[in-house]
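User: Hi! I'm new to reading protein structures and would like to go through one feature by feature. Can we start with the basics?

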Amino acid sequence: MAAALALAVVLAVASLHAEAVWLDVPQSGTKCVSEEIQSNVVVLADYSIMYESHPYSHPTIAVKVTSPFGNTLHHNENATVGQFAFTTAEAGNYLACFWIDSAEKGSGVSVNLDWKIGFATKDWDAIAKKEKIEGVELELRKLEVAVQAIHQNLIYLKAREAEMRIVSEKTNARVAWFSILSLGVCIAVSILQLWHLQGFFRKKKLI
């Protein structure tokens, strides 16, 4: 039982996770990172420029976060640090793009992005204090939230699998009809060629 619950937590954290990444933003151009997230999920992220390679200059960056439908969820300019938070309205790929927007570009900058999704965004210390729970009760509460997250993620994956299956079936049906149409055209062309050759040979009195 304990092993199953531990596995549940691992799966939940894997599907709704916290991810700290380093992004090397080029001198010119844009560096983007994307996450496929289901709807109604909390997203929280912190970003900051690392100045180890720029001890005498202080370049700034611009940040833009967009939804799968292209809606702007966060936009910040002339930034060295920042944060964005939102709850997803639709499922799909959420895109965060960074680029240098200052004159002091140098050879590019490194950006630290701490991206938290779903389960990882919860402040369990605050929850424990508010609801006055601790120890085993707190761990059980975490497991309950983790299992709910897994259940929601499985429902999302099942829906995506059903959508992909429908698309695949439609594609297969179109390919089948195209193959039948191509075969029909080939047969019709062959019959026309045979009819033309027969007429030609009859004119030449060869048959």
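Analyst: Sure. Helices and strands here are DSSP runs, numbered from the N terminus; a strand is a run of E with at least two residues. With that in hand, you can place a residue: Asn-78 sits in strand β5, which covers residues 72-79. Keep in mind that this is a predicted model.

User: Okay, how many helices and strands are there in the protein chain?

Analyst: The protein chain has 3 helices and 8 strands. Reading from the N terminus, the order is α-β-β-β-β-β-β-β-β-α-α.

User: And which phi value does Asn-78 have?

Analyst: General idea to begin with: most residues other than glycine have a negative phi. Now the case here: phi of Asn-78 is near 50°, a positive value in a residue other than glycine. Asn-40 is another one to look at, with a positive phi near 60°. Asn-40 is found in the loop between β2 and β3.

User: Are Asn-78 and Asn-40 buried or exposed?

Analyst: For this you need the cut-offs: under 20% relative accessible area is buried, over 50% is exposed, and in between is partly exposed. Asn-78 has a relative accessible area of 56%, so it is exposed. Asn-40 counts as exposed because its relative accessibility is 64%.

User: Which residue could show me the partly exposed class?

Analyst: Try Asp-114, in strand β8 (residues 109-117). Its relative accessibility is 24%, so Asp-114 counts as partly exposed. For contrast, take Thr-66 in strand β4 (residues 61-66). At 17% relative accessibility, Thr-66 counts as buried. As for the whole protein chain, buried residues make up 29% of its 207 residues.

User: What is the accessible surface of the protein chain?

Analyst: It comes to about 13,800 Å², and 60% of that belongs to carbon and sulfur atoms.

User: Now contacts. What does Thr-66 touch?

Analyst: A contact means heavy atoms within 4.5 Å. If you leave aside neighbours within four places in sequence, Thr-66 is in contact with Asn-71, Thr-72, Leu-73, Tyr-94 and Leu-95.

User: Where does Gln-38 lie, and what is it in contact with?

Analyst: Gln-38 lies in the loop between β2 (31-37) and β3 (42-50). It's a loop residue, yet at 9% relative accessibility Gln-38 counts as buried. Leaving aside neighbours within four places in sequence, the contacts of Gln-38 are Thr-88, Glu-90, Ala-91, Gln-152, Asn-153 and Tyr-156. Take Ala-91: it is 53 residues from Gln-38 along the chain, while their C-alpha atoms are separated by 4.1 Å.

User: Which other pairs are apart in sequence like that?

Analyst: Asp-114 and Ala-20 are 94 residues apart along the chain, with their C-alpha atoms separated by 4.1 Å. Ser-57, in the loop between β3 and β4, is 47 residues from Glu-104 in sequence and 6.7 Å from it, C-alpha to C-alpha. For the protein chain, among contacts between residues at least 6 apart in sequence, 75% join residues at least 24 apart.

User: What about aromatic rings? How do I read the pair of Phe-84 and Phe-86?

Analyst: A pair of aromatic rings is described by the distance of the centres and the angle of the planes. Ring centres within 6.5 Å make a pair, and planes under 30 degrees apart count as stacked. By this rule the count comes to 5 aromatic pairs. Phe-84 and Phe-86 are a stacked pair, with 6.2 Å centre to centre and 15° between the planes. Phe-84 is buried because its relative accessibility is 2%, and Phe-86 is buried with a relative accessible area of 11%. Both belong to one aromatic cluster, together with Tyr-47, Tyr-94, Phe-98 and Trp-115.

User: Last one: what lines the largest pocket?

Analyst: The idea is that rolling a probe the size of a water molecule over the atoms shows where empty space is left. The largest pocket has a volume of about 290 Å³. Its lining has 14 residues, and Asn-40, Gly-118, Phe-119, Lys-122 and Gln-152 lie nearest its centre. Helix α3 (residues 135-203) gives the most to this lining, with 4 residues. By type, the lining divides into 6 nonpolar, 7 polar and 1 charged.

Notes:
Residues numbered from 1 in each chain as written. Predicted model: local features only at pLDDT ≥ 70, side-chain atom pairs only at ≥ 80, totals over all residues. Heavy atoms only, no water. Buried < 20%, exposed > 50% of the residue type's maximum accessible area, 1.4 Å probe, protein only. Phe/Tyr/Trp six-rings, centres within 6.5 Å; stacked < 30°, edge-to-face > 60°. 1 Å grid on protein atoms, 1.4 Å probe; cavity = no way out; pocket = protein on both sides within 12 Å on 5 of 7 lines; lining within 4 Å. Points joined across faces, edges and corners; volume = space filled by probe spheres on them. Nonpolar A, V, L, I, M, F, W, Y, C, P; charged D, E, K, R; others polar. Areas by Shrake-Rupley, 256 points an atom, 1.4 Å probe, with all protein chains shown as cover.
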